[in-house]
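Hi everyone, thanks for coming. I'd like to walk you through one structure today, starting from the overall fold and ending up inside its empty spaces. Have a look at it first.

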Amino acid sequence: MSKTAVLLAGQGAFRPGMFAGERSSAELDRLLDTADATAAEFGRPSVRDHLLDSATPAAAELVTADPFTLQLLVFTAAVGEYHLAARAGTPDVLVGHSLGELAALTVAGAFDLIDSFRLVCHRSVALAECATEPGGMLSMDLPADRTGFVVAAVGDRRARVAVLNAPARTVVAGPDSVLEVVRGVAGALGVRAVRLPAPYAYHSPGMALAAEQFAEDVKSVRQRPLRLPVYSPLLRGYVDDSDDLGALLVQHLTTQVDFVAAIRALHAEGVRTVVECGHSGLGKLVGDCVPSVRVVSSAETPESKNTPAALAAPVPLAATASSVAEVAERLRLLYATVLQYPLEAVEPEADLEADLGIDSLKQAEMLGRVRAEFGLPAAAGDGRLIAHATLAELAGTVTAILTAEDVTR
């Protein structure tokens with residue numbers, strides 16, 4: 001029997017205003033209220049506006065300006081997107097990626113929502129207080145073994161292979177200074193390496209002091225019976241009520257995650273559809289791990305169906321006069337998918353040529369895909385489209401064309 005898994009994202013799950021178009025619901029209202037209450041408990045401002053207003057700072061800005069708020073938003077985004085997917089029915093299994101594993105355990109009932117939010121906050125405090133130097137994560141277009149050779153060539157043990165995201169997509173974690181050397185070596189080898197919007201070197205031994213402090217905070221949280229099956233990429237198996245799930249969350253900070261093995265194991269158990277909560281780019285990675293698995297977004301899940309496996313195609317954007325922010329998000333997803341970039345690397349303000357390496361020939365090809373994506377006439381805005389330097393500028397022109405098309409219909 002074909003099974004459906006719901007995938008809850010970690011870093012990359014949040015985007016500004018992501019819940020702006022959602023109708024009010026008890027689940028979403030409770031989620032935002034609890035997020036704000038916990039932020040206030042830790043002396044931090046409300047996070048609600050970040051999720052309801054697309055004009056608020058993006059993850060790439062928050063990663064340095066306010067990593068505490070970013071982590072709250074990442075967790076809130078994952079749980080909120082799950083509630084959207086759950087309107088269509090109960091999945092066969094939940095799986096979380098990085099911080100998304102806490103989100104998966106939370107919606108499965110292992111922790112009360114308020115306790116989970118407090119765990120996110122305590123985790124952020126521990127990281128901020130114990131990080132000895134600035135660090136982060138670097139995504140490389142290489143298999144894990146070859147990435148290991150690059151890291152070994154750098155000769156600094158503070159850099160580690162942290163996440164196996166796809167057969168040819170591996171993440172390295174470490175201090176900023178070391179990651180720059182790793183990126184330099186990768187560049188010399190002709191390998192694309194992109195910094196991710198992660199404020200710390202997650203899943204690496206450099207987080208050991210933070211993990212030790214976080215472990216003390218975890219002890220105060222009560223673990224509850226699971227209501228849904230949860231597969232843990234870290235444990236490489238299903239979690240059980242007898243497992244110390246608090247200890248699992250502590251391990252997350254320092255332990256390598258093999259996402260490839262998790263997706264392939266779930267496929268072997270009959271998972272044929274994966275519902276991705278949010279637009280973090282994980283769906284593309286799932287397809288790279290097992291091409292036969294069907295991947296859909298939680299935003300595409302119709303409430304009228306009884307199972308997440310029965311999904312409808314999204315409404316063409318040209319059918320509604322959409323905002324520039326909505327167009328920009330679809331452009332980001334399109335460019336990231338076609339170019340096989342992490343979604344986090346394709347920011348609206350990124351220079352298409354200087355930052356993303358898209359020359360004039362590739363840009364012409366991509367504009368053909370843009371027309372197909374948005375249903376634009378073949379000659380629509382030809383000169384205007386090709387002149388743009390960033391996706392933000394391109395989104396403005398596409399929106400104007402769509403609006404004009406709607407008016408003339």
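The secondary structure of this protein chain comes to 16 helices and eleven strands. Please keep in mind that this is a predicted model. The chain has 409 residues, and 55% of them are buried. On the contact side, if you take the pairs with a separation of 6 or more, 73% of those contacts join residues 24 or more positions apart.

Let's move to one helix, α4, which covers residues 67–86. Its 20 residues reach 29 Å from the first C-alpha to the last, and that is close to the 28 Å expected at 1.5 Å a residue. How enclosed is α4 by the rest of the structure? Largely so, because 18 of its 20 residues are buried. As a reminder for reading any such helix, residues three or four places apart point the same way, because an α-helix has 3.6 residues a turn.

Now for a single residue, A103. You'll find A103 in helix α5, residues 100–107. Is A103 buried or exposed? Its relative accessible area is 0%, and the cut-off for buried is under 20%, so A103 is buried. Which residues does A103 touch, once we leave aside its neighbours within four places in sequence? Those contacts are L8, F75, A78 and V79. For a sense of distance, take A103 and V120: they are 17 residues apart in sequence, and their C-alphas lie 10.0 Å apart in space.

On to cysteines, since somebody usually asks. A disulfide is a covalent bond between the sulfur atoms of two cysteines. This structure holds zero disulfides. Two cysteines to look at are C121, which counts as buried because its relative accessibility is 0%, and C289, which also counts as buried, at 5%.

Now the part I suspect you came for: the empty space. The second largest pocket holds about 470 Å³ of space. There are 26 residues in its lining, and the closest to its centre are V63, V194, R195, L196 and P197. Which elements supply at least two residues each to that lining? They are α3 (59–65), α8 (176–188) and β6 (193–195). By class, the lining of this pocket has 16 nonpolar, two polar and eight charged residues.

Then there are the closed spaces. How many cavities of 30 Å³ or more are there? The count comes to three. The largest cavity has a volume of about 80 Å³, and its lining is made of S98, L99, E101, L102, R123, F214, L249 and H252. Here we meet α5 again: α5 and α10 (245–252) each give at least two residues to the lining of the largest cavity. That lining divides into four nonpolar, two polar and two charged residues.

The second largest cavity comes in at about 50 Å³. Around it sit S25, E27, L28, G80, H83, L84 and R87. Two elements, α1 (26–41) and α4, give two or more residues to this lining. So which of them has the largest share? That is α4, with three residues. The classes here are two nonpolar, three polar and two charged.

That's my tour. Happy to rotate the model for anyone who wants another look.

Conventions: Residues are numbered from 1 along each chain as its sequence is written. This is a predicted model: local features need pLDDT of at least 70, side-chain atom pairs count only at pLDDT 80 or more; totals for chains, interfaces and linings use all residues. Side-chain values use heavy atoms; hydrogens and water are left out. Helices (H or I, at least four residues) and strands (E, at least two) are DSSP runs, numbered from the N terminus. Buried means under 20% relative accessible area, exposed over 50%, partly exposed in between (1.4 Å probe, protein chains only). Contact means heavy atoms within 4.5 Å. The expected span of a helix is 1.5 Å times one less than its number of residues. On a 1 Å grid over the protein atoms alone, a cavity is a set of points where a 1.4 Å probe fits but cannot get out, and a pocket is an open set with protein on both sides within 12 Å along at least five of seven lines; lining residues have an atom within 4 Å of a point. Grid points are joined across faces, edges and corners, and a volume is the space filled by probe spheres set on the points. Ala, Val, Leu, Ile, Met, Phe, Trp, Tyr, Cys and Pro count as nonpolar, Asp, Glu, Lys and Arg as charged, and the others, Gly among them, as polar. A disulfide is a pair of cysteine sulfur atoms within 2.5 Å.
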